[in-house]
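Colleague: Please take a close look at the aromatic rings and the charges beside them. I would also like to know how that part fits into the rest of the model.

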2 protein chains.
Amino acid sequence: MDCIFCKTISGEMPSTKVYESANVAGILDIHPTNKGHTLVMPKQHYASLLDASGDLLKELFEGAQKVGAAMIKGLDVKGFNVMVSNGSVAGQLIPHLHVHVIPRTLEDNLQHWPSGRYRENEAEEYAGKIKNAL
Amino acid sequence: MDCIFCKTISGEMPSTKVYESANVAGILDIHPTNKGHTLVMPKQHYASLLDASGDLLKELFEGAQKVGAAMIKGLDVKGFNVMVSNGSVAGQLIPHLHVHVIPRTLEDNLQHWPSGRYRENEAEEYAGKIKNAL
């Protein structure tokens, strides 16, 4: 398969490894938001978060949790973001499921997304649409 | 405990419920980035992602996965972001672990964080600091 993350995991393409468990690997993002930014991903190819089993989700986010804890300890940061972009519309550039773990500092000036408001009854309307599709 | 998410889950404060499993609840964010923006959280109080057991991580991200799938189906969106902000420096406003699930559209114009580069040998240096702290 012509997937750069599959090639990275197989060693066909170079990467800087940070973390490994039975089914999950963590490598540095070569275009880091902040230095140390790590991508935790299944070794097997899954395009989407929606394709992951419960056991894989557990191993994947245990990996993200361990990498985040190691950032706090090893990079002397106070926090981190964990993010999955699912679908190209959400900013997923490589169609191989990966979890971003991004160390954060007070000085990085990263802007969080703006927040809106619901009109009257609109929240219930949206919640209903999601609940009916569960 | 004076935690607004604990009070929301107990029913002491109002919320718009979207999802529920044994130990996890999903409610609409009252300040949505996009409409339908849901917060999936443990019913019990955990301040941080770092405090969650593997089993809780599994249930929490299975919840995020199900809510994301329901957004694609029910809100007619093509993707979603899953995000945890861990620590106030990372934008965590409420110290009760919660997973943002944010539906995405081509028209929402949300900006992703910028990406940087490593100087020579700097990636290995950062990876080493994280690995040594694992």
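Modeller: A charge sits over a ring if NZ of Lys or CZ of Arg is within 6 Å of the ring centre and within 35 degrees of the ring normal. The model is predicted: local features need pLDDT of at least 70, side-chain atom pairs count only at pLDDT 80 or more, and totals for chains, interfaces and linings use all residues. Residues are numbered from 1 along each chain as written, chains are lettered from A and ligands numbered from 1 in written order, and side-chain values use heavy atoms, without hydrogens or water.

In chain A, the charged end of A:Lys129 lies over the ring of A:Tyr126, 5.4 Å from the ring centre. Chain B has a matching arrangement, with the charged end of B:Lys129 over the ring of B:Tyr126, also at 5.4 Å from the centre.

The tyrosine under the lysine has an aromatic partner too. Over all chains there are 3 aromatic pairs (Phe, Tyr or six-membered Trp rings with centres within 6.5 Å; stacked under 30 degrees between planes, edge-to-face over 60, tilted for the rest). The pair A:Tyr118 and A:Tyr126 is tilted, because the planes stand at 50 degrees, with 6.2 Å between the ring centres. B:Tyr118 and B:Tyr126 form a tilted pair as well, 6.2 Å centre to centre and with 50 degrees between the planes. A:Tyr118 and A:Tyr126 are both buried (under 20% relative accessible area with a 1.4 Å probe, protein chains only; exposed is over 50%, partly exposed in between). B:Tyr118 and B:Tyr126 are likewise both buried.

The agreement between the chains extends to the whole fold. Superposed by least squares on C-alpha atoms with pLDDT of at least 70 in both copies, chain B lies on chain A with an RMSD of 0.0 Å after a turn of 180 degrees and a shift of 0.0 Å along the axis. The two copies are therefore related as by a two-fold rotation axis. Both copies use the same surface, since 100% of the contact residues of chain B recur in chain A (contact means heavy atoms within 4.5 Å).

One residue that touches the other chain is B:Ser85, which has A:Phe80, A:Asn81 and A:His112 among its contacts. The side chain of B:Ser85 makes a polar contact with the side chain of A:Asn81 at 3.1 Å (N or O atoms within 3.5 Å, within protein a possible donor with a possible acceptor; sequence neighbours count only through side-chain atoms on both sides). Within chain B, the same side chain reaches the backbone oxygen of B:Ala90 at 3.3 Å. B:Ser85 counts as buried because its relative accessibility is 7%.

B:Phe61 also meets chain A, touching A:Leu57 and A:Phe61, and on its own side B:Leu49, B:Val82, B:Val84 and B:Val99, leaving aside neighbours within four places in sequence. A:Phe61 and B:Phe61 touch the most other members of the largest nonpolar core, which has 58 residues (buried Ala, Val, Leu, Ile, Met, Phe, Trp, Tyr and Cys joined through side-chain atoms within 4.5 Å).

Chain A as a whole has 134 residues, of which 56% are buried. Its C-alpha atoms fill a box of roughly 55 × 40 × 25 Å along the principal axes. Of the contacts in chain A between residues at least 6 apart in sequence, 52% join residues at least 24 apart.
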